[in-house]
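Biologist: Before I trust any labels, I'd like to hear the reasons behind them. Can we go through the side-chain contacts together?

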Amino acid sequence: MSNTNRYTITAALPYANGPLHIGHMAGVYVPSDIFARYLRRKGKDVAFIGGSDEHGIPITIRAKNEGVTPQDIVDKYHENIKNTLESFGVTFDVYSRTTSAKHREVAQDFFKTLYQNSKFTEEVTEQYYDEEAKEFLADRYIRGECPKCGNPDAYGDQCEKCGSTLSPEELINPRSALSGNTPIKRETKNWYLPLDQYQDFLKDWILLGHKEDWKSNVYGQVKSWLDDGLKPRAMTRDLNWGIPVPIDGTEGKVMYVWFDAPIGYISFTQEWAEKNGKDWKDYWQNPETKLVHFIGKDNIVFHCIVFPSMLKAHGEYILPDNVPANEFLNLEDDKISTSRNWAVWAHEYLEDFPNQQDTLRFVLTSNMPENKDNNFTWKDFQTKNNSELVGILGNFINRVMVLTHKYYDGIIPTKTSSFDEVLQIKEYAKRIGEHIEHYEFRAALHEYMNLARLGNQFLQAQEPWKKANDPEAVKNIMYAANQIAVALAQLAEPFLPFSSTKMLDMMKVELKNWDDLIATDEWIESGHQLGETTLIFNKIEDESIQIQLDKLNHSKTKNSMTNPNAEPQKEMISFDDFQKMDLRVGTILEAKKVEKADKLFELKVDTGLDVRTIVSGIAEHFTLEEIVGKQATVLVNLAPRKIRGIESNGMLLFADKADGKLTFVHPEEKTPNGVQIG
């Protein structure tokens with residue numbers, strides 16, 4: 001690591017249109033938190049910046065689907081996301097939102113600076129317009145047939161069935177998602193950032209300056225974009241949700257979400273600095289500060305091309321030192337999909353596995369998709385917890401604590417000689433730190449667990465429980481074992497912060513500076529009194545894992561259904577069971593409401609066998625007038641039962657419609673009462 005003392009660390013702003021899933025956690029928030037925690041332990045001046053991205057089409061689409069305002073949506077999910085991240089121990093110095101007054105002020109000021117310095121170009125283009133809704137249509141508001149696979153419901157920017165990237169012009173028979181009408185083309189003026197003018201700058205800065213220190217997946221994607229040649233990109237949109245363009249004559253236009261969102265990193269830093277008596281410019285305009293963006297691979301172009309071009313155009317800002325983007329995390333060998341509910345939602349994990357945040361942090365770090373897509377499975381989650389956290393790390397800590405209390409009442413003994421294993425602690429701490437500094441979090445965690453393995457191997461080889469006749473040897477062994485145990489408690493903090501705190505509290509030890517751990521020869525002193533022994537990790541049973549697999553299987557079943565809103569199939573019955581049901585055509589002769597029962601009608605039904613009384617809970621769906629004279633399917637051999645004091649002799653069959661209302665199940669044509677069905 002360089003001698004740089006100040007770091008600005010940003011984590012991609014999650015869209016506030018839904019909760020976080022494990023892909024978000026593994027891709028961005030766990031690695032960025034590990035990095036920030038480690039730097040603080042090194043004594044660095046760190047500003048760890050996060051917040052919710054609350055503008056953009058996905059939010060307006062969700063609001064429309066739920067019949068609420070975009071502000072309702074972002075208010076709901078901002079709190080959900082913020083609470084989830086806090087619960088997982090992600091240590092943002094500030095977590096704000098792009099609908100704040102401060103952010104609007106900073107974003108508009110940034111835009112005006114570029115506008116006044118002639119950094120934008122104005123272009124008039126034809127875009128799709130919905131005449132009924134009186135709105136220009138963003139790509140996601142245009143639907144049509146995919147030209148690649150024939151999917152009749154593809155979006156104007158992507159077909160979710162075949163995965164093809166599209167433009168609205170490519171759709172066959174495009175229609176507005178607002179009204180369903182065919183949109184027209186209408187001229188509109190927008191402001192563009194001429195990215196082609198920054199092509200040479202980006203080539204020099206990235207392709208020449210960062211070939212060796214940036215990840216190959218990031219470097220390769222940027223090179224591909226630059227090799228294809230950059231084109232101007234619109235920085236304004238014709239929408240009614242977003243930050244208004246602060247220029248006269250631009251009513252009805254807002255900033256492009258990818259212009260507004262990354263400026264959030266700056267506005268959130270200003271908000272934090274004002275509250276904490278700091279100068280925000282130190283973190284964004286001082287060339288001695290290192291700026292690091294943690295993102296997923298789908299955001300590489302915006303953080304490595306668009307945002308740096310904006311910063312360069314402004315002229316007063318530092319550029320990112322690194323953009324360690326991760327690839328995607330799959331779930332049970334399938335791509336995570338929020339629309340298919342194929343995901344492990346982070347807030348639901350906290351409900352199902354309370355106080356086990358570190359288990360998920362551990363598994364996500366060990367499976368982190370640093371250079372290629374990786375996979376999460378619940379069986380692997382269980383194995384890693386039970387075999388590694390419980391069986392290796394927890395087992396070693398517990399054995400050391402129990403033996404020290406047994407032999408010395410929890411007091412660290414005095415040593416008379418040393419072991420090589422204790423000397424290796426420094427090397428492990430160095431290697432762990434070096435891996436973190438190079439954004440190799442999986443390797444760093446692997447080294448950490450190797451130290452835990454070393455501790456177990458040391459105890460097993462020395463067998464202090466067999467050396468009662470050599471008390472000096474036992475003292476040296478237990479002194480050394482405690483050194484390794486305390487080192488593990490200290491070094492766990494970036495990866496397993498909750499467990500680190502539990503271990504340190506149990507040992508009555510304070511968290512120390514990382515470099516001090518490397519400089520010292522003693523991690524816990526002779527004569528130190530340990531606290532009471534408690535278990536750090538708990539085994540996860542098969543039943544808990546099966547619950548999670550059942551959730552996913554339920555999603556898989558729903559996704560395979562032709563009507564995902566249909567109720568799941570009930571348990572199988574035999575043909576003999578079916579034959580016992582006597583279904584007949586009947587006609588409702590009379591109907592009246594059941595007293596003090598808003599949902600119940602008392603019906604007189606001619607079944608062809610007789611005229612009988614049936615009580616039916618359909619009062620919320622029909623009026624008395626519209627059901628009298630209706631033919632219906634009647635289950636006539638259902639055992640009688642009393643409902644509100646009325647004996648009901650049978651059941652009418654209905655089907656649920658998409659709007660939640662009921663519809664009669666009956667023959668298409670008038671049929672004699674009593675005709676059997678089936």
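Modeller: Let's start with a charge and a ring: the charged end of Arg6 sits over the ring of Tyr283, 5.8 Å from the ring centre. Bear in mind that this is a predicted model, where local features need pLDDT of at least 70, side-chain atom pairs count only at pLDDT 80 or more, and totals for chains, interfaces and linings use all residues. Residues are numbered from 1 along each chain as its sequence is written, and side-chain values use heavy atoms, with hydrogens and water left out.

Biologist: What makes Arg6 count as sitting over the ring of Tyr283?

Modeller: The rule asks for NZ of Lys or CZ of Arg within 6 Å of the ring centre and within 35 degrees of the ring normal. Arg6 is 5.8 Å from the centre of the Tyr283 ring, so the distance part is met. Lys185 is another case, lying over the face of Tyr128 at 5.0 Å from the ring centre.

Biologist: Now the rings themselves. Why is the pair of Trp258 and Phe302 called stacked?

Modeller: There are 36 aromatic pairs in the structure. In the pair of Trp258 and Phe302 the centres are 4.0 Å apart, with 5 degrees between the planes. Rings of Phe, Tyr and Trp (its six-membered ring) pair if their centres lie within 6.5 Å, and planes under 30 degrees apart count as stacked, over 60 as edge-to-face and the rest as tilted. So 4.0 Å makes Trp258 and Phe302 a pair, and 5 degrees makes that pair stacked.

Biologist: What parts does the pair of Trp258 and Phe302 tie together?

Modeller: Trp258 lies in helix α7 (residues 257-276) and Phe302 in helix α9 (residues 300-314), so parts 44 residues apart in sequence are tied together. Helices here are DSSP runs (H or I, at least four residues), and strands are too (E, at least two), numbered from the N terminus.

Biologist: Is Trp258 buried or exposed?

Modeller: Buried: Trp258 has a relative accessible area of 16%, and the label needs under 20%, with exposed over 50% and partly exposed in between (1.4 Å probe, protein chains only). Phe302, at 11%, counts as buried as well.

Biologist: And what makes Tyr265 and Phe307 edge-to-face?

Modeller: The planes of Tyr265 and Phe307 are 65 degrees apart, with 6.3 Å centre to centre, so the pair meets both cut-offs for that label. Tyr265 is in helix α7 and Phe307 in helix α9, so this pair ties together parts 42 residues apart in sequence. Both residues are buried.

Biologist: How do you know that Cys159 is in no disulfide?

Modeller: A search of the whole structure finds zero disulfides. The nearest cysteine sulfur to that of Cys159 belongs to Cys149, 3.6 Å away, and a disulfide needs two cysteine sulfur atoms within 2.5 Å, so Cys159 fails the test. Cys159 is buried, at 0% relative accessible area.

Biologist: Last topic, then: why do Arg140 and Asp157 count as a salt bridge?

Modeller: A side-chain nitrogen of Lys or Arg must be within 4 Å of a carboxyl oxygen of Asp or Glu. Arg140 and Asp157 are at 3.1 Å, N to O, so they qualify. Asp157 is partly exposed at 25%.

Biologist: How do Lys466 and Asp582 fare as salt-bridge partners?

Modeller: Lys466 bridges to Glu463, with the closest N and O atoms 3.2 Å apart; Lys466 is exposed at 57%. Asp582 bridges to Arg584 at 2.9 Å, and Asp582 counts as buried at 15%.
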